[in-house]
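Subject: Structure handover

Hello,

Here is the structure I promised to pass on. Please open it first, then read my notes below.

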Amino acid sequence: MDLLGALESLRRPLDRELFPLAVGEADADRRALRELTGQLDDYLLPRLRALDAPLLAVVGGSTGAGKSTLVNSLVGADVAEPGVLRPTTLVPTLVVSPADRSWFMGQNVLPGLSRATGDGPGALRVVTSPALGAGLALLDAPDIDSVVTANRELAAQLLAAADLWLFVTTAARYADEVPWSFLRSARERSTALAVVLDRVAPEAVEPVSRDLARLLAENGLEGTRLFTVPEAALPDERARLPAASVEDISSWLTGLAADAAERARVVRQTLSGALDSLATRVPSLAAAVERQQAAFDGLHSIVAGAYAGGMADFDEGMRDGSLLRGEVLARWQDFIGTGDLMRSLESRVGWLRDRIVGFFTGRVPEAQLRDALESGVEALIRGAADGAAERALEGWSAAPGGPGLLERLGAVESARLGRASGDLGKRAEAAVRGWQEYVLDLVREEGAERRTAARVASFGVNGAGLLLMLAVFASTGGLTGIEVGIAGGTSVLSQKLLEAVFGDQAVRSLTARARDDLRERVRVLLDEEAARFTGQLDSVAPPRGTADALRSAALRVRDHRAELPAAVTAELPTLEDPRAADGRSPEERP
């Protein structure tokens, strides 16, 4: 893997939203992600693929600084659109040499912006000018402090894509904070930079220039090339500056365009600074991704706890015998009566068995008890699921990142999450019927044994199966023979009958197996209910391991950093240097 491949591996994990939850400084994290992704797409990757491509100089600055007027004046044509309305530059204008037009009309630079020859949102207006030498292009960017958010973001994107910043400010606004935040960013990334102090009254040129130079030094930008453009009375907003006012800037840019070696020095300086900035920007982004992952883990934990509580509620409903009240008890008592049967239970099991046989052969329809039991279990499941959903929703409402996620879902969808799903009843019905069939299969299996065949036959498979189902809800851990205090002694009654048919040990085993099977079916149902919550998380959560992938990619970039020629530390050429604006020393000139 080379340096380009390392950068491509860094870009891949950034293809999706990494900060969907409002935790920590999420807005700042999202902005950092956009800036990193933009610089990779708009500058680092394209520039590494073509180190010798034309140099892009972005003309940026505050609103009303005169950027468009400066560009028009430098190329001697009305290519940009100055005006009195703010913001003025709505569509960025890229001025290129005719020789470089094909390069810039392709997707080599700023691939996210469509090319156009007119105006339009999301477009990059490309015009040619013979006044520009091949190898250098000027881009008139929107205002960095525009009242339109999209313009401010586009301005930042364009500056991040530049090989060179030509930063324009005015005598009245050079101390404003917004421009300095951009200039400090240029310093941190070692971006090649020149500053144009525009609209300076002739008598203020020296003191204002000196004060601006002081501020540059205080902000770590000492030695930055500084041009001044004196205030000029223009007949209208579309008029160009006198050629003499921009002669120094024009000569400097002309020299830069004519000197391929100097352009390469600028490119490598900015490219090196951008690469070096990844050493701090990527780990910071990875740490922010980990904060998101921790919030997602917390929300997952809330759901898991809520539905574990739902399972516990169901278990408690099985243990406390409450399900054997109501309709189930009524159907049971239709046959057995109350106290007389219980008093005679120990001595008259055979008589009781005869009555049960009658029960299951027509005196009271078997289906009524089975249906009542089925309805009771379904209600128990529904109650457990409703309680779990309510707890999960309440937990999310108070957890980091939860309120914002619920807000994104909307009030209607959030309210739906707070109760069991609408089709749970059908799924619970199918699960309970499946369990009842399983219990009957257990009885058939046990009844196949020679020692119990006759006794099972006397009750019938359905009758013995129903007794086993009742026992599941009247026992806490295998049948014990102890009255649990529910209506009329149903638990003891079903227990004694089962023991008479299968024997103590077999009943314990059958009851445990029946209970475990039902719990597993209910657990599947509750897992499906919980998936309504976890599905919302999984649909927006960054892939697990994204933070580690970012750090690993940053290390690969660092390891291959030496493949790029060392960054140039020399200043950009100035008119006072022995190398003049055309890039040649006095001895080299004719």
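Strands β1 and β5 pair in the parallel sense, over five bridges. Within that pairing, Leu-56 has Ala-137 of β5 as its bridge partner. Please keep in mind that this is a predicted model.

The sheet around them is open and has eight strands. Their order is β3-β4-β2-β5-β1-β6-β7-β8, and the pairing is mixed. The edges are β3 (114–116) and β8 (225–230). Each has a single partner strand, so one side of each lacks a neighbour in the sheet. From one strand to the next, the twist averages 25°. Helix α3 (residues 67–75) packs on this sheet. It touches β1, β2 (93–96), β5, β6 and β7 (192–200). The direction of α3 makes about 150° with that of β5.

Next, strand β6, where Leu-166 lies. Leu-166 counts as buried because its relative accessibility is 1%, under the 20% cut-off. Its C-alpha is 5.9 Å from that of Val-58, although the two are 108 residues apart along the chain. Leaving out residues up to four places away in sequence, Leu-166 touches Val-58, Val-59, Gly-60, Leu-74, Ala-194, Val-196, Ile-249, Trp-252 and Leu-253.

Three of those contacts lead to helix α8 (residues 247–258), where Ile-249, Trp-252 and Leu-253 are among the buried residues. Gly-255, Leu-256 and Ala-257 of α8 are buried too. Their cover includes α3, β5, β6, β7, β8 and α9. The helix has twelve residues and reaches 16 Å from its first C-alpha to its last, close to the 16 Å expected.

Helix α5 (residues 149–160) also has twelve residues. At 1.5 Å a residue it should span 16 Å, and its end C-alpha atoms are 17 Å apart, which agrees. Buried here are Asn-151, Leu-154, Ala-155, Leu-158, Leu-159 and Ala-160. Elements covering them include α2 (26–49), β1 (55–61), β5 (136–140), β6 (164–170) and α6 (177–188).

Now the cores. In soluble globular proteins, nonpolar side chains tend to be buried together. The largest nonpolar core here has 60 residues. Those with the most contacts inside it are Leu-7, Leu-44, Leu-166, Ile-249, Leu-275 and Leu-278. Helix α9 (residues 260–319) gives the largest share, eleven residues. A second, separate core holds 54 residues, including Trp-396, Leu-526, Ala-530 and Phe-533.

Back to Leu-44. Beyond its neighbours within four places in sequence, it is in contact with Leu-7, Gln-39, Leu-271, Ala-274, Leu-275 and Leu-278.

One charged residue deserves a look. Is Arg-189, in the loop between α6 and β7, buried or exposed? Arg-189 counts as buried, because its relative accessibility is 14% and the cut-off is under 20%. Not counting residues up to four places away in sequence, Arg-189 touches Glu-35, Gln-39, Thr-270, Gly-273, Ala-274, Ser-277 and Arg-281.

Finally, the overall figures. The protein has 21 helices and eight strands. Of its 590 residues, 53% are buried. Among contacts between residues at least 6 apart in sequence, 79% join residues at least 24 apart. The accessible surface comes to about 25,200 Å², and 52% of it belongs to carbon and sulfur atoms.

Best regards

Definitions and conventions:
Residues are numbered from 1 along each chain as its sequence is written. This is a predicted model: local features need pLDDT of at least 70, side-chain atom pairs count only at pLDDT 80 or more; totals for chains, interfaces and linings use all residues. Side-chain values use heavy atoms; hydrogens and water are left out. Helices (H or I, at least four residues) and strands (E, at least two) are DSSP runs, numbered from the N terminus. The expected span of a helix is 1.5 Å times one less than its number of residues. Buried means under 20% relative accessible area, exposed over 50%, partly exposed in between (1.4 Å probe, protein chains only). Contact means heavy atoms within 4.5 Å. A nonpolar core is a set of buried Ala, Val, Leu, Ile, Met, Phe, Trp, Tyr and Cys residues joined through side-chain atoms within 4.5 Å. Two strands pair if DSSP finds at least two bridges between them. Axes are lines fitted to C-alpha atoms, for helices over the stretch in contact, and angles run from 0 to 180 degrees between N-to-C directions. Accessible areas come from the Shrake-Rupley method with a 1.4 Å probe; for residues, only the protein chains shown count as cover.
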